[in-house]
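Student: Hi! I would like to take a close look at one part of this model, and then see how the rest fits around it.

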Amino acid sequence: AHSLARGQSPDAINFNPSASEGVVKRNGFARLVPSSGGSAKSTGLFASTMTSGAYPTFVLASHGTTVDIVDGGGWDAIGGTTITNNTDVDMLMFDDRYIILNEGGGPWQWDGVIAPPPNPEVTDLGVDAPNQAEVATCEIGVIHKSRLWLSGRASDPSKIFWSGLHDPTKWVPDDTSPDAGSENVYKNDGMIINGLKSNGDILFVSKIAKDGSEGCLYGYFGNDPNGTVTIRRIAHFGALSHQAMMSYDGVMIVADPRGIHSISGKGVALLSRDIQDIYEAIENKSTIQLGRYLNQVWVAYDSDNSGVNDSVFVLDIGRARWSRYTGTVGDIGRMCNHPTTGKLLSTYSTTQNQFVNVHDSGLHDLRPNGGPNAIEFHWSTPDLDWNTFYQDKIVKNLYLFTEDTGDVDLTITRTLDGEPQTDLPPIVANVQATGAITKKTTRTIVPSSDRNSRFTRFTFTNNVLDE
């Protein structure tokens, strides 16, 4: 016999890790706008407020070769960009300028005043041709200590650029911006810059080998990149991508090939310890994205190596409690926060449509027929050998003892000597209450013709809605 110890909980998915009243089903999502932006893959998402312009708040989403403004009127394409199809688009705000970065050109800016919707149009960010050419085709950027920092250019994979102080249009040093400049960050280390993030005090620079086998995280300390700044190695790992780095109240959180880490001061901690076996089993980690909702960190990932992020790890930082949200049928491509409501926004792509979703809102779930997924509890016994590990045997009956918890369906599956069995459909054991404190349910779980095995493991799952 094997049983859950008193106070022990089975593993579970689709519950809200921040709920204090117990195990509570997570909320679903609503559409930011009901219309679709088209069928191209999501490549960027950003939202911010402006102090000028026709509208106070804009949400920008990129897909295919297009960047759109997404608002109550639908999707308005921003003209003037030369975005390479289905490549990453990074967007940020500097002094009421939306800045758009992509390998196909740019950088571009749009201020919401010149060429406002419904026919918005970008202009070059650089104040003139030499300044524009200096940072052309940079793919990633960050605001740090009143400067815009850019990197990710294919022709200069270890180079980082910084603008003039308070002036993102100046990149070539001159009399008005003598402090603009650039430098290579350990050019000959065999790695490329793939991420830039700021926690307000330190500029974090991620470098990683092209095959993802190794990486480093560096920090820029100081205020003047032309004088007092020093560069130090912070960690012997690099982020998976620019989107796999996030500042959480001054703490840098990084998803790297080996786990999810937090960096505070000189301390590095592994946050993913409780989900480490699942994280390490992810075959394609290159699509992982980080986002934040209130006191939660969201980690969107590809659970089945299909190339799309169909699941999310959710960590409540204060409770140090993980949950896992499943059931996605599209690609959670990018995440950001709505600047006025704080709600988490995400792009959501299928082969036919692209939407921007508002999470923790409404009853839509991440699956076609809507409605929140059930909380799924699942628990596996150890490999059982009945103290005769050296003998082959066939298990004929399973005796299931349960608390009097009401009408609950448990799906029972098994593995024999580590091999999942698919010869029979899952067996459902109904444990509906009969008035007794405990009851015994007996089920014949395998036919006598099933093969011998030395070890048997049972897995019990409940994923019925509202149970």
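Student: How many bridges join strand β24 to strand β25, and do these strands run parallel or antiparallel?

Tutor: Happy to walk you through it. Please keep in mind that this is a predicted model, and every value below is computed from it. Strand β24 covers residues 296-301 and strand β25 covers residues 311-316; 6 bridges join them, and the strands run antiparallel. To find one of these contacts yourself, click on V297: its bridge partner in β25 is L315. In general, the strands of a sheet pair through backbone hydrogen bonds, in a parallel or an antiparallel way.

Now step back from that pair. β24 and β25 belong to an open sheet of 4 strands, ordered β23-β24-β25-β26, with antiparallel pairing. At its edges stand β23 (289-293) and β26 (321-325); each has a single partner strand, so one side of each has no neighbour in the sheet. From one strand to the next, the twist averages 20°.

The turn into our pair deserves a look too. The loop between β23 and β24 holds L294. Its phi is near 55°, a positive value in a residue other than glycine. That stands out because most residues other than glycine have a negative phi. L294 also counts as exposed, because its relative accessibility is 57%, above the cut-off of 50%.

For comparison, look at a second open sheet. This one also has 4 strands and antiparallel pairing, in the order β19-β20-β21-β22. Its edges are β19 and β22 (267-270), each with a single partner strand, so one side of each is left free of a neighbour in the sheet. Neighbouring strands here are turned by 25° against each other on average, direction ignored. Within this sheet, 4 bridges join strand β21 (residues 259-264) to β22, and the two run antiparallel. One place to check is S264, whose bridge partner in β22 is G267.

The edge strands β23 and β19 turn up again in the second largest pocket. Its space comes to about 870 Å³. It is lined by 30 residues, and the closest to its centre are F46, M91, K197, M245 and M335. Strands that each supply at least two lining residues include β3 (42-49), β19 (245-248), β23 and β27 (331-337). β3 gives the most, with 6 residues. By class, the lining of this pocket divides into 15 nonpolar, 11 polar and 4 charged residues.

F46, one of the residues closest to the centre of that pocket, leads us to the aromatic rings. F46, F58, Y98 and W110 form one aromatic cluster. In the whole structure there are 10 aromatic pairs. In one of them, the rings of F58 and Y98 have their centres 5.9 Å apart and their planes at 85°, so this pair is edge-to-face. F58 sits in strand β4 (residues 57-63) and Y98 in strand β8 (residues 97-102), so the pair ties together parts that are 40 residues apart in sequence. Both F58 and Y98 are buried. Another aromatic pair, W149 with W162, is tilted, at 5.5 Å centre to centre and 45° between the planes. It links strand β12, where W149 lies, to strand β13 (residues 159-162), where W162 lies, 13 residues apart. W149 and W162 are buried as well.

W149 has another role in the picture: together with H144, K145, R147, Y220, G222, N223 and V229, it lines the second largest cavity. The volume of this cavity is about 40 Å³. The structure has 2 cavities of 30 Å³ or more. The lining of the second largest one has 3 nonpolar, 3 polar and 2 charged residues.

One of those lining residues, K145, brings us back to backbone angles. K145 is found in the loop between β11 (140-144) and β12 (147-151). Its phi is near 50°, again positive in a residue other than glycine. K145 is partly exposed, because its relative accessible area is 23%, which lies between the cut-offs of 20% and 50%.

Here is one last backbone detail to find. The peptide bond from G106 to P107 is cis, with omega near 0°. Most peptide bonds are trans. P107 lies in strand β9 (residues 105-110).

Methods
Residues numbered from 1 in each chain as written. Predicted model: local features only at pLDDT ≥ 70, side-chain atom pairs only at ≥ 80, totals over all residues. Heavy atoms only, no water. Pairing = 2+ DSSP bridges. Axes fitted to C-alpha atoms, helices over the stretch in contact; angles between N-to-C directions. Buried < 20%, exposed > 50% of the residue type's maximum accessible area, 1.4 Å probe, protein only. 1 Å grid on protein atoms, 1.4 Å probe; cavity = no way out; pocket = protein on both sides within 12 Å on 5 of 7 lines; lining within 4 Å. Points joined across faces, edges and corners; volume = space filled by probe spheres on them. Nonpolar A, V, L, I, M, F, W, Y, C, P; charged D, E, K, R; others polar. Phe/Tyr/Trp six-rings, centres within 6.5 Å; stacked < 30°, edge-to-face > 60°.
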